[in-house]
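Open the model in your viewer and keep the selection box ready. This tour goes from the whole chain to single residues.

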Amino acid sequence: MRFITLLLLFLSLQSFSQSNSNDYYNETHRPQFHFTPESKWMNDPNGLVYYKGKYHLFYQYYPKDIVWGPMHWGHASSTDLFHWEHHPIALYPDKLGNIFSGCAVIDKKNTAGFGKDAMIAIFTYHNDDLWKKGYRNTESQAIAYSLDEGLTWTKYSGNPVIKNSSERDFRDPNVFWNDEINAWNMVLASGDRVKIFASDNLKDWKYKSDFKPNPDISKIGTWECVDLFKMNVKTENKEKWVMIVNHDKYTPNGGSGTRYFIGDFDGEVFTNTQSSKWLDYGTDFYAGITFYNAPENKRILISWMSNWLYAQKTPTKVWRSAMTLPRELELDKNDEGYFLIQKLAQGFDKILDTKISKSKIKLPYSAKKLNLSQAEISFNFEGKQMSLVFSNNKNESIKMNLKNGVFSLDRSQSGITNFSDKFAESTQTMLVDEKITDFQIILDRASMEILLNNGKYSMTTIFFPNEPFSNLKIESNENAKITNFKINNVQKTW
């Protein structure tokens, strides 16, 4: 009798485990191959760093609620950038403040004295008590180190390493080793500009200069989450410096967004050599930064896939918000100047299963009963005008249109939109200054990443349908052609 009881208990537990396995990461609107926290609130990616075969993603995290709160650093790692393993919280708030955004480096020369190859986080302390009292100097910069690949951390006893006397928005440090000056550089967002510092040891920092182009966009919001790095130009035998800056409002399609400058840097002063460009024209691409120490000197970027206009109101229950897929950046040039290209990081093709592959399709094209919940659609296009509609059986849809040099996206009928009056108030648009010949569209339940002309143009958006999109319609009012048409299923990575 006892044996039968134990057997029944074992079978019951096995059934429960299998049921939980099927339910894991399977809530309504939960992305299946994008990074999301297991539960609670997440925003900016932080401390992107590669070390000993693993990519480490730290992120702004509040473990007690699905809205923004006292910030911690969450932590996950991956060997391929698509399958992630969760780790315990890395950094907790303390008496100096909450843990705002920052970066991480590998101290290969032991300049800080914490140990050779120590992983060192550089972050902003935000003192809520001072903030509530109306003080301006609520934010300062600090460091912590890990000797076990980011699993446990020790905060430097001499924090803060950069104090703040008067700046109201003084945050999000990004640090890199600069061989040209044999020292560390830091770029730091400060109000409506970037401050640049240098240090020999990550502890003692010297102010070098401010960067704020003149003239610049007059109304651009607070500068945040800065990144600065050098890149080879694809079509020239030269290098240029790229500075990424994120802004919390007044971007092309409203709310949060990311732009970049191309220029020169001598270790003290950054000078932009052309006007800024937007890295993405969608409403849901923010706080983008790149990995430090990535293999082959690659520049791989991840952004937060949301917008401060409505980020805390989106209709999810267990967790809130996701990261973009990792994108490898390339720098190229045409007659108008330098520009960044974004391509999905190497390895994305390994999680694809081809469902439809046609050398060409005839327009208008219509297909129903497709699995577009986890899908990549790609094709080549010859023409000037085209409309493309994803829809479901509840008449919910996302509509795209290419016409007269403008690519537009309308999510006003995409499903649940009433959680914010800002979410679907206008069509998202992107100017394209050349013929569009290449489309790549990635859907993951509640998000869409669109890359045109092999990643020269980018638009990222989120949406919340009441059932998955399963219908696709492509039309043109001219003799347009579509070739190399593919629909791939994207595997679940959790």
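What follows is a list of stops, each with something to select.

**Before you start.** This is a predicted model, in which local features need pLDDT of at least 70, side-chain atom pairs count only at pLDDT 80 or more, and totals for chains, interfaces and linings use all residues. Residues are numbered from 1 along each chain as its sequence is written, and side-chain values use heavy atoms, with hydrogens and water left out.

**Stop 1: the whole protein.** Show the cartoon. The protein has 2 helices and 34 strands; helices (H or I, at least four residues) and strands (E, at least two) are DSSP runs, numbered from the N terminus. Its radius of gyration is 23 Å, close to the 23 Å of the globule rule for 494 residues, so the protein is as compact as a globular protein of that length. That radius is taken over C-alpha atoms, and the rule is 2.2 Å times the number of residues to the power 0.38. The C-alpha trace spans about 80 × 65 × 45 Å along its principal axes. Of the 494 residues, 58% are buried. Buried means under 20% relative accessible area, exposed over 50%, and partly exposed in between (1.4 Å probe, protein chains only).

**Stop 2: the five-strand sheet.** Select E1, E2, E3, E4 and E20. These 5 strands form an open sheet, ordered E4-E3-E2-E1-E20, with mixed pairing. Two strands pair if DSSP finds at least two bridges between them. E4 (85–91) and E20 (319–320) are at the edges with a single partner strand each, so one side of each has no neighbour in the sheet. Now zoom to E2 (residues 54–62) and E3 (residues 72–78), which pair antiparallel over 7 bridges. Phenylalanine 58 has histidine 75 in E3 as its bridge partner.

**Stop 3: the four-strand sheet.** Move to E5-E6-E7-E8, an open sheet of 4 strands with antiparallel pairing. E5 (98–107) and E8 (154–155) are its edge strands, each pairing on one side only. E5 and E6 (residues 118–126) run antiparallel, joined by 8 bridges. Find glycine 102; phenylalanine 123 in E6 is its bridge partner. Then pick asparagine 110 in the loop between E5 and E6. Its phi is near 55 degrees, positive in a residue other than glycine. Asparagine 110 is partly exposed, at a relative accessible area of 29%.

**Stop 4: strand E15.** Select residues 257–265. Is this strand enclosed or open? Of its 9 residues, 8 are buried, so E15 is largely enclosed by the rest of the structure. Add E14 (residues 239–247), which is joined to E15 by 7 bridges and runs antiparallel to it. Isoleucine 244 has tyrosine 260 in E15 as its bridge partner. Next add E17 (residues 277–278), paired antiparallel with E15 over 2 bridges. Here arginine 259 stands opposite tryptophan 278. Finally add E16 (residues 270–272), antiparallel to E15 over 3 bridges. Aspartate 264 has threonine 271 in E16 as its bridge partner. E15 and E16 form a hairpin with 4 residues between them, and glycine 267 in the turn has a positive phi of about 95 degrees.

**Stop 5: loop details.** Select tyrosine 25, in the loop between helix H1 (2–23) and strand E1 (40–51). Its phi is positive, about 55 degrees, although it is not a glycine. Tyrosine 25 counts as buried, at 2% relative accessibility. Proline 160 lies in the loop between E8 and E9 (170–178); the peptide bond from asparagine 159 to proline 160 is cis, with omega near -5 degrees. Proline 215 is in the loop between E12 (205–211) and E13 (223–232). The bond from asparagine 214 to proline 215 is cis, with omega near 5 degrees.
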